[in-house]
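Could you walk me through this model in my viewer, one selection at a time? I would like to know what to click next and what I should find there.

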Amino acid sequence: MDFEAFFKGELDSLHQEGRYRVFADLERHRGAFPRATRHTPEGKRDVTVWCSNDYLGMGQHPAVIEAMKEAIDHCGAGAGGTRNISGTTHYHVLLEQELADLHGKEAGLIFNSGYMSNWATLGTLGQKIPGLIIFSDALNHASMIEGIRHGKCERVIWKHNDLNDLEAKLKAADPKAPKMIAFESVYSMDGDIAPIREICDLADQYGAMTYLDEVHAVGMYGPRGGGIAEREGLMDRITIIEGTLGKAFGVMGGYIAASHAVCDFIRSFASGFIFTTALPPALAAGAVASIRHLKNSPFERARHQDRVRKLRSSLDARGIPHMTNPSHIVPVMVGDAAKCKWISDLLLDHSDVYVQPINYPTVPRKTERLRITPTPLHSDADIEHLVGALHQLWSRCALARAVA
């Protein structure tokens, strides 16, 4: 087999479909988020970032930066190994305590990414609980899907956010089998929110554990940033809450929060935890500072929601179609992969606006979009500039306008 020809052929197909992904070479400006410098062969240009998952700009917060610097001065750069051998530092212990407190749980357990926390936890539960059936929402994240596959247990896919379908599938399952319902709070592409209370009711009725991925909600919702479950007063009804440190908290890492027994079980049996070098102490220290700040500061969340409302209103005024949802994610719908990438390129090259196209397989074909994520640090002028540029491109591409 000509392996090189195969690789090039597959890449050529991505180019032809308009789905080939190009990474923008960006250098963020400390203290000036969402500004960044874009490096190109033609030179440097300043751009405004509109697609960051650093939803609250906490990656630039002075308290977070100072905590990370202090940790480096105290401990150096790396953790020194896996948590089991030599990699557990006091910063890791403090971070797990903060996460347990944030979610009202007995314990927390940190991983190197949200992907790893989902993959390792779900995979371990699937492997180790005899006869477990995992009921997985159809739009769960790839990391949840891979974790469930890795667990090699029985899995049942239920229609997205469809309580009737979930109940029908729970009812059809062996009543004696152990069960777990795995779902997300905020779904990152459409921005819709799961009916958590009703799912918990079904879990109680059928004796199932609940596994809630809150990665796009932690820091963002609830009086202390505990997520949608905190906002709705439901954290005590969730068996395992999974989250990330790399989005609203602005650093890096993933975690679960649950009972002492659950966290100790995953710590003791999950290969994805046992055999991985621990997070650097500086990252743990930065995450602790970010969590503590957002537990006590409602400003970022309130300002963020104001920016979301302002952007949606401005898009509506220009007839730019965007998906209505109750969250902070603003999907501007294009519906064509090539046009979506073209618009993204023009925004970056001619308007200094950076927003990546979202194409298949991340979203279904014909639902291609620009996934815009406002932050508390985007100004009115930033919003007007973005919407004005989209308005011109919508006319240039002869794309349909939203009807008021």
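Here is a tour that goes from a sheet to its helices and then to two single residues. Please keep in mind that this is a predicted model.

**Stop 1: the sheet.** Select residues 330-333, 357-358 and 369-372. These are β11 and β13, together with β14. They form an open sheet of three strands in the order β11-β14-β13, paired antiparallel. β11 and β13 are the edge strands, each pairing on one side only.

Now look at the pairings. Four bridges link β11 to β14 in the antiparallel sense. Show Met333, and you will find Arg369 of β14 opposite; likewise, Val332 stands opposite Leu370. On the β13 side, two bridges join that strand to β14, and Pro357 has Leu370 as its bridge partner.

Which residues of β14 are buried on each side? Arg369 and Arg371 are buried on one face, and Leu370 and Ile372 on the other, so that both faces of the strand are covered. That fits a general pattern: in a regular strand the side chains alternate between the two faces of the sheet.

**Stop 2: helix α13.** Next, select residues 299-318. This is α13, which packs on the sheet and touches β11 and β14; its direction makes about 15° with that of β11. Try a distance between the end C-alpha atoms: they are 29 Å apart, which agrees with the 28 Å that 20 residues should span at 1.5 Å a residue.

Colour the buried residues of α13, which include Arg301, His304, Val308, Leu311 and Leu315. Then turn the view to look down the axis: the buried residues of α13 fall within an arc of 160°, so they line one face of the helix. An α-helix has 3.6 residues a turn, so residues three or four places apart point the same way. On the other side of α13, look for Phe299, Arg309 and Ala317, which are exposed.

What covers the buried residues of α13? Show α12 (281-296), β11, β14 and α15 (380-396), which are among the covering elements. Before leaving, click on Gly319, which follows α13 and has a positive phi, near 70°.

**Stop 3: helix α15.** Select residues 380-396. The 17 residues of α15 reach 24 Å from first C-alpha to last, close to the 24 Å expected at 1.5 Å a residue. Its buried residues include Ile383, Leu386, Leu390, Leu393 and Trp394. Just after α15, Ala398 takes a positive phi of about 55°.

**Stop 4: Gly335.** Go back to β11 and follow the chain into the loop between β11 and α14 (337-351), where Gly335 lies. Is Gly335 buried or partly exposed? With a relative accessible area of 23%, Gly335 is partly exposed. Not counting residues up to four places away in sequence, Gly335 touches Lys366, Thr367 and Glu368. For a sense of scale, pick Pro130 too: the two C-alpha atoms are 44 Å apart, and the residues are 205 apart in sequence.

**Stop 5: Thr244.** Finish at strand β9 (residues 240-244), which holds Thr244. Thr244 counts as buried because its relative accessibility is 5%. Zoom in on its side chain: a polar atom there lies 3.0 Å from the backbone nitrogen of Gly246, and a polar side-chain atom of Thr244 is also 3.1 Å from the backbone oxygen of Gly253. Leaving aside neighbours within four places in sequence, the contacts of Thr244 include Gly114, Val215, Val218, Phe249 and Tyr255.

Conventions. Residues numbered from 1 in each chain as written. Predicted model: local features only at pLDDT ≥ 70, side-chain atom pairs only at ≥ 80, totals over all residues. Heavy atoms only, no water. Pairing = 2+ DSSP bridges. Contact = heavy atoms within 4.5 Å. Axes fitted to C-alpha atoms, helices over the stretch in contact; angles between N-to-C directions. Expected span 1.5 Å × (residues − 1). Buried < 20%, exposed > 50% of the residue type's maximum accessible area, 1.4 Å probe, protein only. Arc of directions from axis to C-beta. Polar contact = N/O pair within 3.5 Å; in protein donor to acceptor, adjacent residues only side chain to side chain.
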